[in-house]
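Here are a few quick notes from a pass over this one, in case they save you some time. Have the viewer open as you read.

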Amino acid sequence: MWDQEIRAMASTHAILASTVFVATVAPKVLLRGFSVYGTHLLWMYCMAGAVGVVNVSVFWLLGISPPTKKHTVGYKLSRLVRSCLYLFLSCLFFHTVVVLYGAPLIESAVETFSLAVLLTSLTTLRCLCVLGPNVQAWIRVFSRHGAMSVWDTSLQITTGTTVIGAWLGAFPIPLDWDRPWQVWPVSCSMGSVIGFVSGLVAAPTWIHYHRKQLTYKCK
Amino acid sequence: MQRLQILSLLLWVCALFYVGIYLFVGGFLLVRLEVNRSSTCEDVLLPGGQQRDFCHAKPRFRRAVLLVIDALRYDFARFDRANAAPRHHENKMPVFEETVSSRPLHGRLYNFRADAPTATMQRIKGLTTGSLPTFIDVGNNFASSAVLEDNLVHQLVRLGKRVVFMGDETWELLYPKTFHRSLPFHALNVRDLDTVDDGILRHLYATVAGDDWDVVIAHFIGVDHCGHSFTVDHPAMAGKLAQMDGVVRSAMEHVQNDTLLVVMGDHGMTDAGDHGGESRKETDAALFLYSPSPLFPGPPSKDEPQVVPQTDLVPTLALQLGVPIPYSSVGQVLLPLFPPHRSQNRTGGLGQSEALWINVKQVNRFLKTYSSMAKDLPENSLSKLQVEFSHISAEYLASVRNGLPPSPELVVFMQSYLTSVRETCQATWARFNLLKMAAGLTVLLFACLLCFMLSELSRVLVNESALLKANVAAALSVGFCVAVGQLFVWGHVEVAWCLAATALVSELMAFWWAYQAKASTATGGNRAKAQKRASWLSLHSFFVPPLVVLLLRDASLFSDSYVIAEGHVVTFLVFSLALYVPIHLNWDGLLLSPNHDLHKPARPSPVALSPVAIWKESCTLLASVGLLAGSLYLSLFFHSCWEEDQASCKPSPFLTPLSRLQDGQLKNVHCILALASLSLWTHLSRRWLRRHRILDSSGGGAAFTARWILPLLSMCLGLNWAVGATPEGSFRNVAELIGMAQVALPRTIFSLLGIGMLLLWLDPLTVFLKTRTAAAPGPPPPHYRATISIGPRTELHHLVPPDRARRSTGDGKSGGGRAEMDGRPAVEEAYGLGTVYSAPLLLFCGLLGVGLLLLHPEGMALSFLLLLLETGAILHTHASSATLGHLHGRTHPGGLYVPWTPVVLWCLSATQFFHATGHLSTFPSIQWDAAFVGFPGGHASGIALPATLVTLNTFSSHILFAAGCPLLLFWPLVRGSSWRAREEEEEGKDFAMETRLRENPQRFGSALLQLSARCLFVHGTQLFASACAAAILRRHIVIWKVFAPKLMFEAAGFLVTSVFLLIGIALVMRVDVAVGGRFKRFIPELSLAQ
């Protein structure tokens, strides 16, 4: 049971990581003039879209999401609406936080919002897939004893590394090296993607080595 | 509480830091006074009082062309025929060698040795004043970089010579509006090798060929930039040097017989292309002198000097061009350029001995003036030089009177005199003292570690008073021994080394002492605690997020880009730390609903699980974090700009004083905003005081200050702004009144501030005393309790029903002492003890804030309001997280200790608001207007007062945050929010707030010591990091522009912070003494307990 779950998670992560890889390489092959720095917005949206689609479909197929109590169409619809609302609010939230961190307010608002969308697709979307549209559960997951399954733990790790990656990505911006990746928001978005991928790698590894210590309460 | 013990411990730590700063700065910053006198033609510089007009005699050369090639190292200019495989920088300028060998009388190449610091600006100053510029030339032009000291350019211009300049724009900064014609060029960045050089070449030859000039100065920058960008041995360097070779060739062709051509480098460079220090490669530049007419009397002789100090150029050029030698030049004329004896027809200019004599007299005059102004030149060498001079003078005048040419010995003697003057000055002004720097860094590092140790071991160390005395005594005696030793070995005492020895011994002993204390508690105390203490210096305790943030902040001081962007960097870090607080609480399961904690062991007390309380506290916390984030973001709008960033950054419009705003509408908006924020500032502080019933307290200086002085102060300030904002000339008939108000109002504010502080110090108690006649039977119980923030005063009575009062004292600790109270007819009830410590401190900060605001431009009132909001937000965040911890039973309710996170937040906010009040770590950005607040006509005498005003203005945020630091300790107790009051009321407990501190003097003392030690640690590590950056990067291209000013500001900020921290602590102690006195009157046995 244990190993099976870990293996399932590891393969899901492998799929996600390869999605990240494909989302960078495929447009380069298919589109003329595509480059990560040059057409950065396009890259960000490719990444966000690809990760989002793969996330949703994988979790749908695996059936990780908490089972719904009612099966009426109206209930499902309201869940869908709430999910979309949460996603949008999360974009706004990330946008606000990034602006508060010192991003330009007006000048490159589109870039900032795209970064927020990317961060949402890397973090909030996974929360939605794993936990459903339930803010209480989200808050619960991010506490020391809040994880209730392997998936929760992996969610903790990937979200943490993604956010820390984006945070670290801001560090080179003030330096006077005049590199193309120092332009806002290239370093931050790249940092968050690198953080995401390393989280994908780190989560199964960490869980594998700590599986003796991990005990989950039932949901 | 061991008041004296804590204060002396802190004072001792601060003193250690001061010694460290003194040592490091003494070794790193070379300070020299500028003598602002000028030489004139009337100076009797010629022998025997011969009143010949020196300036109007025909000079040897009418014109001169100075080609300065930045960083032209001596070996770039050499040509070695034997070198078969020259590297990129070798053998690229054969022109010098060719000229010297083919026409030895016309040109010569010298090794032109620069003095440290070998930075371009200092070198240009040196090459024109003939002196040894240091990083800080203390003069009266701190605000701009223009040279005011007497120099060659000014002398030339004064005598009507037309000086034409082209090239690197540094000259234009140093000599604004001085040149006859000026063509400054701006290099885009350090990789731009050609903009400046090509600009010069477009104009140089045409200018030289024309007749509209007397002196042309052209400064080429390409070689230097090539070194910085590509290192020395690079194909680009070969190209650049070859280009310069061509330039020199064409210049030689263009100059005429009456013109002197000087080609020189201002400094060299290391093989990596850096400069700034004093290695041979950095100091050795090339100097080439050439004239189409024979320049030298003979071919180069063997005993002719090969190395020419850079100071020697100024007197040589001055005498060759017929202008007086600048006043503060310490150079020596280049003798080979002068004929051995004065030629009879008087066209060849001065002879060797004449020139030397003029030179000697001028140098001696400068030395006399300088030593009367400053004491940094050593006494004994000065007196020795004076003796030498009188000897020379006597001999020279005797030979002139006899009509004989001076003997060759005298010439040698004069030369050696000039050399020794130069060496004396150089030893004082132009050398990094690496040993002193290292000693300073060591002392600083140990002081930081000591602070960390104090903060971790405050519980133990607060008791050991005898050890500090022993430590200081031993250290002082070691210092004394070093002094005596120096006296025996060297013959004189150098204070710096005695201090270094004292500080180091003291620190090492303190570590030993801490180790001992730790060991003794480890054996005595219980096991778990001992273990906890044993690990106080483990790596684990360093890597908590607040300290990681501090580490990042320290690391950011090592990069010039981060120092330039410091305001944003610090805001970023503070915001990160602010976000960390709720995330961390949530991670620990303390935030919001506790429902998932049910399977944990049961809580110690039922109070702890009240969900409403947790919900409320969590909301308060999140709201405070939100407020903190908002004020952080808004504070970014008050930043000023670096000179480099003018293109991309605009200084905040609020930095312009109202009187300088042109647009009337804008002026009104600014004025209203400023007045609104000022009244909000006053209102908020008064509101807090009213909520805690301070304004009701009976009599007393503090209450009076709060009730009257604070509002009066802000009214005066508002009036002052209104008066200051009146446009000039608009109210002609009341102009006199306005002028008077501009003097009177600020001075009123200063004096009100003084009175307020004095009253606060004399009577800091904000306690409302009530005497009640004993109505109840039995002995009247003494009762003290804190105020609760609900209801007006009359309601307060009813909160203390007599029977409850009796009960609470019945099981209190004053059981046996009641008998002594029997004689008293009345019960005294004291209200307001709950905020007895924080109220005076808050009042002090409020007063100080208004006073400091006076020194700022009016628009900064908004920024000060943000500061107030931010401090409130930090305090509330801290208090809420402490309460949440308490509610969940995680922390001990009586735990007074302030964790790292709020301390780091608090101390970094000081730096953040340093920037948000429009300051930068550069000298030109200091707000000099502050010096004239209340003194619009300037200061009559002394610089102490204006310097104080400017310091207060510059470090206002440091001051406010340092003085308010103890609030971090009090806030969780003060804001023990009303729900807790009610709950504890129901339980029959006494709601104590800050009186809890009184009950626990031991813990109070150690918590206070820990808090201040942590605060000093945070500031100390920043100081240490910036000192390290300055020491390690002392060869960096922007060391004098970025790192050295940063160090100065950091050091000054530390000084101010530590002083005001001590003042804040002292105020707390003062309150403690006063409360102690009061308590003695109430409950004598309580005061006996301590």
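1. A bit of vocabulary before the patch: helices here are DSSP runs of H or I with at least four residues, numbered from the N terminus. Also keep in mind that this is a predicted model.

2. With that settled, look at chain A's surface. A:Phe21, A:Val22, A:Val25, A:Val29, A:Leu30, A:Leu31 and A:Leu42 make up a nonpolar patch there, and their accessible area comes to about 690 Å² together. Helix α1 (residues 2-30) of chain A is the main contributor, giving five residues. A:Leu31, for its part, sits in the loop between α1 and α2 (40-62) of chain A.

3. Now the interface. Chain B and chain A bury about 2,100 Å² between them, and 66% of that is on carbon and sulfur atoms. B:Phe572, B:Trp587 and B:Tyr633 account for 30% of the area that chain B buries against chain A, more than any other three residues. By residue count, 22 from chain B and 21 from chain A take part in the contact.

4. What about polar links? Between the two chains there are eight residue pairs in polar contact (both at pLDDT 80 or more). The rule finds one salt bridge across the interface: B:Asp588 pairs with A:Arg144, with the closest N and O atoms 3.0 Å apart.

5. On chain B's side of the contact, α22 (560-564), α23 (566-587) and α24 (611-635) each supply at least two residues. The largest share, six residues, comes from α23(B). By type, the chain B side divides into eleven nonpolar, eight polar and three charged residues.

Methods: Residues are numbered from 1 along each chain as its sequence is written. Chains are lettered from A and ligands numbered from 1 in the order in which they are written. This is a predicted model: local features need pLDDT of at least 70, side-chain atom pairs count only at pLDDT 80 or more; totals for chains, interfaces and linings use all residues. Side-chain values use heavy atoms; hydrogens and water are left out. Contact means heavy atoms within 4.5 Å. Buried area is the accessible area (1.4 Å probe) that two parts lose on being put together, summed over both. A salt bridge is a side-chain nitrogen of Lys or Arg within 4 Å of a carboxyl oxygen of Asp or Glu. A polar contact is a pair of N or O atoms within 3.5 Å; within protein, one must be able to donate a hydrogen and the other to accept it, and residues adjacent in sequence count only if both atoms are side-chain atoms. Ala, Val, Leu, Ile, Met, Phe, Trp, Tyr, Cys and Pro count as nonpolar, Asp, Glu, Lys and Arg as charged, and the others, Gly among them, as polar. Patches are made of residues with over 30% relative accessible area and no salt bridge: like charges are joined within 9 Å, nonpolar side chains (Val, Leu, Ile, Met, Phe, Trp, Tyr) within 5 Å. Accessible areas come from the Shrake-Rupley method with a 1.4 Å probe; for residues, only the protein chains shown count as cover.
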